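Let's take a walk through this one, stopping at a metal site, a pocket and a chain interface. Have the viewer open and follow along.

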Protein chains: 6
Amino acid sequence: MENLPYLTHEAKFKDSGIHRASELLKRWGNETVEGLGLIGVPLSKPSISHSGASFAPETIRKMMNAFTTYSIQQDTDLIASSITDFGDILMHVTNLEESHRRIESSIETILQSSPSMKPIFLGGDHSITAPIVKAFQRVHGKVGIIQFDAHHDLCNLEDGGPSNGTPFRQLIEHGAIQGKHLYQIGIRDFSNGKVYSDYAKENGVTVYPMSDVYQRGITAILKDIIAKLQKEVEIIYVSLDMDVMDQAYAPGCPAIGPGGMDSQMIIEAISLLSKEPSVCGMDIVEIDPTLDFRDMTSRLAAYSVLTFLMGFGRRN
Amino acid sequence: MENLPYLTHEAKFKDSGIHRASELLKRWGNETVEGLGLIGVPLSKPSISHSGASFAPETIRKMMNAFTTYSIQQDTDLIASSITDFGDILMHVTNLEESHRRIESSIETILQSSPSMKPIFLGGDHSITAPIVKAFQRVHGKVGIIQFDAHHDLCNLEDGGPSNGTPFRQLIEHGAIQGKHLYQIGIRDFSNGKVYSDYAKENGVTVYPMSDVYQRGITAILKDIIAKLQKEVEIIYVSLDMDVMDQAYAPGCPAIGPGGMDSQMIIEAISLLSKEPSVCGMDIVEIDPTLDFRDMTSRLAAYSVLTFLMGFGRRN
Amino acid sequence: MENLPYLTHEAKFKDSGIHRASELLKRWGNETVEGLGLIGVPLSKPSISHSGASFAPETIRKMMNAFTTYSIQQDTDLIASSITDFGDILMHVTNLEESHRRIESSIETILQSSPSMKPIFLGGDHSITAPIVKAFQRVHGKVGIIQFDAHHDLCNLEDGGPSNGTPFRQLIEHGAIQGKHLYQIGIRDFSNGKVYSDYAKENGVTVYPMSDVYQRGITAILKDIIAKLQKEVEIIYVSLDMDVMDQAYAPGCPAIGPGGMDSQMIIEAISLLSKEPSVCGMDIVEIDPTLDFRDMTSRLAAYSVLTFLMGFGRRN
Amino acid sequence: MENLPYLTHEAKFKDSGIHRASELLKRWGNETVEGLGLIGVPLSKPSISHSGASFAPETIRKMMNAFTTYSIQQDTDLIASSITDFGDILMHVTNLEESHRRIESSIETILQSSPSMKPIFLGGDHSITAPIVKAFQRVHGKVGIIQFDAHHDLCNLEDGGPSNGTPFRQLIEHGAIQGKHLYQIGIRDFSNGKVYSDYAKENGVTVYPMSDVYQRGITAILKDIIAKLQKEVEIIYVSLDMDVMDQAYAPGCPAIGPGGMDSQMIIEAISLLSKEPSVCGMDIVEIDPTLDFRDMTSRLAAYSVLTFLMGFGRRN
Amino acid sequence: MENLPYLTHEAKFKDSGIHRASELLKRWGNETVEGLGLIGVPLSKPSISHSGASFAPETIRKMMNAFTTYSIQQDTDLIASSITDFGDILMHVTNLEESHRRIESSIETILQSSPSMKPIFLGGDHSITAPIVKAFQRVHGKVGIIQFDAHHDLCNLEDGGPSNGTPFRQLIEHGAIQGKHLYQIGIRDFSNGKVYSDYAKENGVTVYPMSDVYQRGITAILKDIIAKLQKEVEIIYVSLDMDVMDQAYAPGCPAIGPGGMDSQMIIEAISLLSKEPSVCGMDIVEIDPTLDFRDMTSRLAAYSVLTFLMGFGRRN
Amino acid sequence: MENLPYLTHEAKFKDSGIHRASELLKRWGNETVEGLGLIGVPLSKPSISHSGASFAPETIRKMMNAFTTYSIQQDTDLIASSITDFGDILMHVTNLEESHRRIESSIETILQSSPSMKPIFLGGDHSITAPIVKAFQRVHGKVGIIQFDAHHDLCNLEDGGPSNGTPFRQLIEHGAIQGKHLYQIGIRDFSNGKVYSDYAKENGVTVYPMSDVYQRGITAILKDIIAKLQKEVEIIYVSLDMDVMDQAYAPGCPAIGPGGMDSQMIIEAISLLSKEPSVCGMDIVEIDPTLDFRDMTSRLAAYSVLTFLMGFGRRN
Ligand SMILES: [Ca+2]
Ligand SMILES: [Ca+2]
Ligand SMILES: [Ca+2]
Ligand SMILES: [Ca+2]
Ligand SMILES: [Ca+2]
Ligand SMILES: [Ca+2]
Ligand SMILES: [Ca+2]
Ligand SMILES: [Ca+2]
Ligand SMILES: [Ca+2]
Ligand SMILES: [Ca+2]
Ligand SMILES: [Ca+2]
Ligand SMILES: [Ca+2]
């Protein structure tokens, strides 16, 4: 369209000196991938309470457009890097079990064909972590999990089936992980059932309530965990439930409340984890864009993806 | 609490001359019921698009509190009447097929024990109509359906299972109703697939698009339908999908659009149908209170329930 | 500020060919007034349900800025006319009886000093009509009332005192008006108590439910009323409760519902009444800007004021 | 991705029997086009009041996805048809005159290379109509305009330059059209300046205020206009400012108000115009998605595009 | 309903391992109560600015349902405890003085019949604290008050009567408390009148502005206050005006602003106070759910009630 | 209006002991001014993304009414002080270059006639800082700038002209300031282009990213900057782009994100700068009230103005 210089299907102003973070996403073309991958898992019908978390992959990708590729604090431009965007996994309208199967088999296939790729999963609700980690375990072996969450997510399966309240119990009972390889950070008062805290203890799960985070600091806690996990597992998987944040910082999660983490803490945590070579996958879950204010929570998710990519590039 | 005259668990001002319509709802106590019943069916996970229609039973009941029992136009106070409130059917968190089963079996049980009771069902999405009508058919025999809807809801079941796009197809294919006993009113341009309009024709379904409603008037259409159905079926069931309304009048449906009915038309229609002895059940579906403006659509639903009760009392 | 041509305390673009309707409002300077007046009555604490109608005078005045002075349908520019803006009556924070007294005495004083002025009152909730009409009656003698409302507002005073549910009963019981001089238009089903409809009948109040408005048309009804009232009263007062409108057209009233008037009907009604010489006052009440969508209801109020001014200029 | 059947970049449920109207949009590939075209003109900085109308092309296209291709009233599936989507014209960030130049030159180029193509322009504010019609006039000769609008848009250019209040004056003064070839429908009371109504008269513009629309009906008015224009102009251009609608039906325009058209009227009008062979272009302007409720106004725009396409296919 | 296992009037999913905090609320049945009580005081008409704080008791109770009974940080399940829910005090529609009388007399009656019960009052606006503390003083003797607030609430009574700006002045002038037994924490710049800070000084009130809270820490301040009050008063009453919080943490108060407390600080404060045996009552006021975002402020209130209950159980 | 004591054009409750901060604003009457001035600059059309920052001057002034004149922390009542309110600069509707010219020439005229006055400018977007500082430089000589911002605002001018992304580059290239006299505080990761960070370095701009603010503290940084600037420039100008704040504290900026400053930090910073005699002007920009929640960001702006006035009074 040489004589139509202004006609375009992307009619947004483009500053020649700025790379939008969304430019880092390269559509997957069936090739074997190394480096970071991005996979959307738009499933939220298994949620116990009404959830629009299925809209989050689209919204977080859009928020990538609100950020740039350059970190002034590290004086590094990510534009040389890239994230392979595998797209989203299509869910079944009415059969939720089938949806979980699609997640597990799709991810297993991807991990097998690109074994050194480190995927970031954009949920969806927390129920997606069970099929994801099962796939990881089959492909990569023993998995340790660092979970940021206000909740244990260790509920029984009899009452409501595999919901967003049960993923880590499913993984333990299925044998995909061992309880002692699960570390839960940010668990909060008045947000869990005692029997599930007891279940955590009985199964060797290590739990850091928010009081520990305030007192010891997130960095010290994570260093301890990594030191322990490194000796015991093949890979570490990070599961970031955004409701670990105080409601002031992440108002778009279904289960918000006071007394959680602030934005500095979580960025510090992700920065540390991203540089750790054993960390081979991460999910960001429980963001419901229909409840959010100005996509604040999806902005934090996009910022977290970029922080992870920044640290990932510094792995040695 | 004789010396605590102002302490109460219902601290709302009560005018001694006004009966709230919510007072008409009498909690069911396991007795055999005659007259009108109310049954909440808070299911919306089968919806093709994200839907909070599961909140509608609660919201519509609350809106009953925004209206009174007195019709000035008929100079009749409904306070002598009542509606038996059976409560809601509890849905399964993750197994939607099980939820549909619970609807069907619960309603069959209720209809069997209270065969002359006429229930009004508060959805939920339109997927609930399939199990409801199946129960009706088993208990009461041949069912004719008058459906108000912008959409046919005759989609195939292969693509997504029993969703809110399929209930009338399920009923026809299952043999619970015959196509020729289904009348669809208010079907709209650019809101359906041609193959499903073809399916309607092939199966003898009678379709009145909005243009017919504008030209002939709702009363004439309904009189025709009733005249025909009365000769052929045991009972008539009315299914009111609120998206039959123009978006200005029912902004809280998932699938809103221009060019639908106005509030006067639908009240006229319900008034007419309520007086018709063969009409033995009605559902009101596809209201998502999380999308609505000031519960306008649930207000219209509550007003419709009252209009139905008013006409019902005039049956002879 | 000759060398600062762009510095201003009203930095809004002004088109030289357009007069904003707000320019018609001339601040009162203690002079005797003829023609139309505008008086804000920002009182809504007496409302039975939570109401921000006290914000309406400010919002309606602001919406005057959204309209111009020119009627193309009458080919008349109102810019030669004006409305004297008396400002608002200051309410007491905690003594609602005192607030009603301030309304009554302020308006009595104004009417005495400007006996030929025709005021438009911007409520506030409907409780303001009682003190207003009492003042009218004392200054001008026998008052007939044409009330547009979904509700009778004839509730008893024992239960909650002088609220927005009681003004017309207060006026009748106080002797400020006779029941037979009260005409209620637009009264709606399921919005009133039977005992109050009975009270209306017993006291000779004439009631036109919405069904009458649909069937006879607003113009025919109003002509009847005026013909009757003219023989019996000194002046006619119009009380416009915006909830007479269908919720689609006036979403900002506390008590919205389906089945009311549309915007064309009410404009037609006000246009007719404005030309009638015996109409000596009007209020517009029950608009809560905190509940409205884009000030639609206040826009309709401002449009009504202008329509009234247009007809007023045509009185002979 | 044969062994990854559920991985996709469009993870939305697709019913095999339904074609989304968005499927009708075919991206332009530099070829000569016949039939309908779609061109986004995301410009709203020239608006007198703050406007986000620049977001409308994106939102209206998205709303195409909320509708299907099938008209039950005409029993016609548009899927055999298509609309060539030329994309959007990129606007300058700070030089609005340059933005208008880009519109004019882009459209002139397009019209020259595809002279029989009939474009639908998605604004943007009404300022875009001036450069568009200039381009039309240069390529196609004498242009007649049918404008749906609450406002004349004949303001002077001295006060604020070429804004959304001036396009038709610009066209007349520039000589691109003659005043007598401009027909304005739906002009409303208290929404215009007298001097601009006078200007319309002096320049032979024909004006139908809303009262005419109510009394004569939209079809009779349009037939008159077409009969007259056909003898005098080469082509007819339709300019649809959505604020011609009553605020209940199009709540997302910057300048909303009571007393306008309803959704049935406008669909009837567009249906009639779409079948008229001399109608060679249309714009839909003044929709601000940031102000709308649930994209109602953009839904009406998308429905209008489809209605136009339906009638267009019936031209002979 | 043995053969209707899914029919229920509480159709919410119930996980067998989780107790909702709302289960802790036991409806009062006229018995003498020990332990904690809950009393709603839905009064906000005395507020200086428009306030919907009367909705807060209902909303905070609903938010109790969003939390569980288990504190992981204390490894304690509150399910063995309970809070006696006395319901709400019914307010008069138009007589605000009568409403205050109802509060005072109801609470005096309750305190007399259950003298060892410790009530938590859910406001309502801050005007409720005056009648509450008067009742306390009459039943329990000398009262010390620890007030969390951005404002003194020591305004004069002449200007607007007993509003939400005057409660502590009323108490001092009425002799119900002595100024030196009032401690105000979190008073903020640009939020008070100098004459009222002077009044505080002259009456011996101790004031800790936010700068003190930042510098000394909330725990040190509270320990000082308790040490002093214990020697001088019979009981300590805590009054928590939620606007002591920074607007980021409590966006639902009428008078929000920057520079206040964060969620950790207030939880720490309540935790400390709850363990102190002399603390015999608390109110939580100035939450307007109609202004809040996702009930954040009511969530914080519910969390505060639970924190108080936790500490209360640890008193010796 | 002696016998109309309650009729007023300001019908808001006035407590005799409280001075609203808005009372500090004295309308300018063409006199020479000393002390603080306030000038609204309602321009946001040059913004790269859609912005309603033009509404901020009106909203911030309104929020002045939400605060009082008294600082309890300094025990100082500002009521003896005042701010001269010059009003707003009127912008051109379509010629943005002309709007920038109006800003520059108006401010130059004001500064010349009141050379010792220290103005606070309420934007508007950040594009206004370029013409403002040019005026300053011409009147007062060498200017040093302390900029709080998540962004450099050093973008090239070729791509989009003088937008809100370019003001500091414009100033450097125009020679109005030297790069070494520009200090940028709070610059954030993933919010800028590398070439513009490089430009900053090449031009001697000093940049403190958020990590520096967290580590060194804002006070230490500002003391360093002032010490350096004092030796080199005539006056210091402070430019406060509110997006330097974390999104939790300033949700109403167009470009919000996590990881910024909190309300305490910015108040501390402004307090320090306000006492510094060389600081001769300040702007507050990039607040879009149409995007904000409950005017939180404008409240913070009003609080900042008052904090500045407080410190200003302590200059010696
Ligand atoms: Ca979780
Ligand atoms: Ca969680
Ligand atoms: Ca349907
Ligand atoms: Ca439907
Ligand atoms: Ca009324
Ligand atoms: Ca009413
Ligand atoms: Ca226009
Ligand atoms: Ca227009
Ligand atoms: Ca207080
Ligand atoms: Ca307070
Ligand atoms: Ca900036
Ligand atoms: Ca910035």
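The calcium ion (ligand 11) gets its protein donors from chain F: His126(F) through ND1, plus OD atoms of Asp149(F), Asp153(F) and Asp241(F), with Asp153(F) listed twice. Those donors sit 2.0 to 3.2 Å from the ion. Bear in mind that this is a predicted model. Along the sequence, the donor residues follow the spacing H-x22-D-x3-D-x87-D. Asp149(F) has another job here, bridging the calcium ion (ligand 11) and the calcium ion (ligand 12), which are 3.2 Å apart. And are Asp149(F) and Asp153(F) buried or exposed? Both are buried.

Next, swing over to the second largest pocket, which holds about 930 Å³ of space. It has 43 lining residues, and the ones closest to its centre are Tyr214(E), Asp262(F), Ser263(F), Gln264(F) and Met265(F). Helices from chains A, E and F each put at least two residues into the lining: helix 8 (263-274) of chain A, helix 6 (210-216) and helix 8 (263-274) of chain E, and helix 8 (263-274) and helix 9 (296-312) of chain F. Helix 8 of chain F contributes the most, with six residues. By type, the lining splits into 18 nonpolar, 17 polar and eight charged residues.

Last stop: the meeting of chains F and A. Here 37 residues of chain F touch 30 residues of chain A. About 2800 Å² is buried between the two chains, 59% of it from carbon and sulfur atoms. On the chain F side, Asp189(F), Phe190(F) and Pro258(F) lose the most area to chain A, together accounting for 28% of what that side buries.

Notes. Residues numbered from 1 in each chain as written. Chains lettered and ligands numbered in written order. Predicted model: local features only at pLDDT ≥ 70, side-chain atom pairs only at ≥ 80, totals over all residues. Heavy atoms only, no water. Donors = N, O, S within 2.8 Å, 3.2 Å for Na, K, Ca; no water. Buried < 20%, exposed > 50% of the residue type's maximum accessible area, 1.4 Å probe, protein only. 1 Å grid on protein atoms, 1.4 Å probe; cavity = no way out; pocket = protein on both sides within 12 Å on 5 of 7 lines; lining within 4 Å. Points joined across faces, edges and corners; volume = space filled by probe spheres on them. Helix = DSSP H or I, 4+ residues; strand = E, 2+ residues; numbered from the N terminus. Nonpolar A, V, L, I, M, F, W, Y, C, P; charged D, E, K, R; others polar. Contact = heavy atoms within 4.5 Å. Buried area = accessible area lost by both parts, 1.4 Å probe.
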